[in-house]
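This report goes through the contacts between chains, the contacts between domains, the nonpolar cores and some individual residues. The sequence and structure come first.

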Amino acid sequence: MTADLHSGMNTGPETNMPALSIKGISKTYPSGFTALSDVTLDIAPGEIFALLGPNGAGKTTLISIVCGLARASVGRVLADGFDVVKYPLEARRRIGLVPQELATETFETVMATMRFSRGLFGRSPNPDLLERILRDLTLWDKRDNKILTLSGGMKRRVMIAKALTHEPKILFLDEPTAGVDVELRRDMWRMVRRLRETGVTIVLTTHYIEEAEEMADRIGIINRGKLMLVEGKTALMQKLGTSEMRIVLRQALAAIPAELLSWELSLGPDGRELIYAYDAQAEETGIGGLLRQIDRIGLPVQNLHTRHSTLEEIFVNLVNAA
Amino acid sequence: MNMRAVKAIYFFEMHRAWRTRLQSIVSPVISTSLYFIVFGAAVGSRMKGIHGISYAAFIVPGLVMLSLLTQSITNAAFGIYFPKFVGTIYEVMSAPVTVMEILMGYVGAASSKAIILGVIILLTAKLFVDYHIMHPAWMVAFLLLTAVTFSMLGFIIGIWADSFEKLNMVPLLIVTPLTFLGGSFYSIDMLPPFWRHVTLLDPVAYLVSGFRWAFYGMSDIDVTVSLGMTLVFMLLCLGTIQWMFHTGYRLRR
């Protein structure tokens, strides 16, 4: 079997090619509803990529197309160099999927379902690997339990464990921590980092923006089927985030003093806070001058604190603006 | 060929049957035994033989075929419908497996279960009826061909069905009547000419006739026609399954 590369040539996979290359993918259902519109995206090997978007934005449709569960109307997807439509077997061998819905073989034991998953992907039995995965996900003690008897969080772990049994190069985690407790979320974050260290590429969709902020190298924001932006996490937060300083006064003000107008401050609702928005990356933030001016006009300051906008705020602003 | 995937699906399905052995094996054996007692021993003892064969022995191939068909269809239909229903089908559909491998796993397991059951029923029948098998190799061939063909039909029903009601509808409303009308309990020659011709449209009639020929060397329909019609039906099922996977009918979005 040969790989189908960007150039369209049929040669072996290149070492520097993207782990996942999505080119002009659109998906329109027979009803006329367009779930995805011209999505193009490259994801590098070993990268943790977070795809954020509101409900119905197209995240799961995009993952389904890559994994062979849905067909694109237009465009193509290469997984590790293999076209998912032309060479589905080669492509799928490299992909692991943890879907959003909790779907498990209810009446089987954890170990039986793990063996099934590995066999299904054509891999030879490897009890040591299965034990390691189960231990990593604190499922080892439950290996002989029927899935029916497990809690929702444990079932979610089983789904993650199943997706890892065939040692995928690209792992899709579609809302992997939806409805699970903080402990599992932290466990999963640790596991994802360990996987990345072994070279696995991880594509994550999540509603917990804290999760993307914690783990992702790059973030893509999708809304109404369109990929609005793709940016490195740090760059995104620097580029679109804002910094804010709040100066808490001892006495309330009725209005901003004329001497401070050049800083374009705003006054807090109770009149006791002066709020100053600034560019944290700029050479001159204006903070020093402002504090000196406040001291000069004799405003009594009780406290001050600064904060940078979170990824969540950036996300909400972007989606609302669209 | 991803034989590991075939084995994984096959043994997973066989394990499911073992887990539900009371329902999968004991229940059909009991109900078929009742047929032998009622129609074979009680009613059959008061009826004259057909083509020189006692009525009890005459209905053995038909009853085995009835169980074989029902079990093949039910096992295969449930085997593919249940993962669709609970959502675990995503794993099979995103795995590196071809249609043929999926089919070998699911249809292979459903056929195996039906054949095991058919053999158990055949052995159970020996307790009530004295029968013999004239062409054992052909009997096995018909058993295999029927199990595989109707497991494929069950597989199609399992993909098509989007509710448990639909899943049960085809076996109950179509397959069971076809089996009864296909000559399980009588010779087609006993019917009036019009119904004899209608019966020839029933694919089950060819199976029962061919199967009965393997037992007693007599049949309502020529055995080569029976064999040919079964093969045609098998190819039709295979074509339909290929189309379903090619288009993603009720499998992919």
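A salt bridge is taken here as a side-chain nitrogen of Lys or Arg within 4 Å of a carboxyl oxygen of Asp or Glu. In this predicted model, the side chains of Glu91(B) and Lys162(A) satisfy that rule, with an N to O distance of 2.9 Å.

**Chain A against chain B**

The pair joins two chains, because Lys162(A) lies in helix α5 of chain A and Glu91(B) lies in helix α4 (residues 89–93) of chain B. Both Lys162(A) and Glu91(B) are buried. Across the interface of chain A and chain B the rule finds two salt bridges, and eleven residue pairs, both at pLDDT 80 or more, are in polar contact between the two chains. On the side of chain A that touches chain B, the elements giving two or more residues are α1 (59–67), α2 (88–93), α3 (110–120) and α5 (152–164) of chain A.

The contact involves 31 residues from chain A and 27 residues from chain B. About 2700 Å² is buried between chain A and chain B, and carbon and sulfur atoms give 58% of that area.

**Salt bridges**

Over all chains, the count comes to 24 salt bridges. Three of the pairs are listed below.

| Pair | N to O distance |
|---|---|
| Arg218(A) and Glu47(A) | 2.3 Å |
| Glu90(A) and Arg94(A) | 3.1 Å |
| Lys162(A) and Glu91(B) | 2.9 Å |

Salt bridges with shared partners connect Asp80(A), Glu90(A), Arg93(A), Arg94(A) and Lys169(A) into one network. Within that network, Glu90(A) counts as buried because its relative accessibility is 14%; Arg94(A) counts as buried at 17%.

The side chains of Arg218(A) and Glu47(A) also meet in a salt bridge. This pair links distant parts of the chain: Arg218(A) is in strand β11 of chain A, Glu47(A) is in the loop between β4 (34–43) and β5 (48–52) of chain A, and the two are 171 residues apart. Is each partner buried or partly exposed? Arg218(A) has 22% relative accessibility and so counts as partly exposed, while Glu47(A), at 9%, counts as buried.

**Domains of chain A**

The domain assignment of chain A gives domain 1 (3–237) and domain 2 (242–321). Taken over C-alpha atoms, the centres of domain 1 and domain 2 of chain A are separated by 42 Å. In the contact between these domains, 13 residues of domain 1 of chain A meet nine residues of domain 2 of chain A. The area buried between domain 1 and domain 2 of chain A is about 970 Å², with 82% given by carbon and sulfur atoms. Of the area that domain 1 of chain A buries against domain 2 of chain A, Ile209(A), Ile221(A) and Met237(A) supply 50%, more than any other three residues.

How many salt bridges are there between domain 1 and domain 2 of chain A? The count is zero, and the count of residue pairs in polar contact (both at pLDDT 80 or more) between domain 1 and domain 2 of chain A is also zero. The side of domain 1 of chain A that touches domain 2 of chain A takes at least two residues from each of α7 (209–215), β11 (218–223), β12 (226–232) and α8 (233–240) of chain A.

**Nonpolar cores**

The largest nonpolar core has 164 residues, of which Leu20(A), Ile22(A), Leu120(A), Phe172(A), Val60(B) and Phe155(B) touch the most other members. Helix α3 (residues 55–86) of chain B gives the most to this core, 17 residues. At least three residues of the core come from each of domain 1 (3–237) and domain 2 (242–321) of chain A.

Beyond its neighbours within four places in sequence, Val60(B) is in contact with several residues, including Phe36(B), Leu122(B), Val129(B) and Phe215(B). A second, separate core has 14 residues, among them Leu260(A), Tyr276(A), Ile287(A) and Leu290(A).

**Two buried polar residues in chain B**

Ser72(B) is placed in helix α3 of chain B and counts as buried, because its relative accessibility is 0%. Leaving aside neighbours within four places in sequence, Ser72(B) is in contact with Ala110(B), Ala114(B), Ala147(B), Phe150(B) and Ser151(B).

Thr32(B) lies in helix α2 (residues 21–43) of chain B. Thr32(B) has a relative accessible area of 3% and is therefore buried. With the same neighbours in sequence left aside, Thr32(B) is in contact with Leu63(B), Ser67(B) and Ile121(B). The side chains of Thr32(B) and Ser67(B) are joined by a polar contact of 3.1 Å.

Terms used
Residues are numbered from 1 along each chain as its sequence is written. Chains are lettered from A and ligands numbered from 1 in the order in which they are written. This is a predicted model: local features need pLDDT of at least 70, side-chain atom pairs count only at pLDDT 80 or more; totals for chains, interfaces and linings use all residues. Side-chain values use heavy atoms; hydrogens and water are left out. A nonpolar core is a set of buried Ala, Val, Leu, Ile, Met, Phe, Trp, Tyr and Cys residues joined through side-chain atoms within 4.5 Å. Buried means under 20% relative accessible area, exposed over 50%, partly exposed in between (1.4 Å probe, protein chains only). Helices (H or I, at least four residues) and strands (E, at least two) are DSSP runs, numbered from the N terminus. Domain bounds come from an automatic or database domain assignment. Contact means heavy atoms within 4.5 Å. Buried area is the accessible area (1.4 Å probe) that two parts lose on being put together, summed over both. A polar contact is a pair of N or O atoms within 3.5 Å; within protein, one must be able to donate a hydrogen and the other to accept it, and residues adjacent in sequence count only if both atoms are side-chain atoms.
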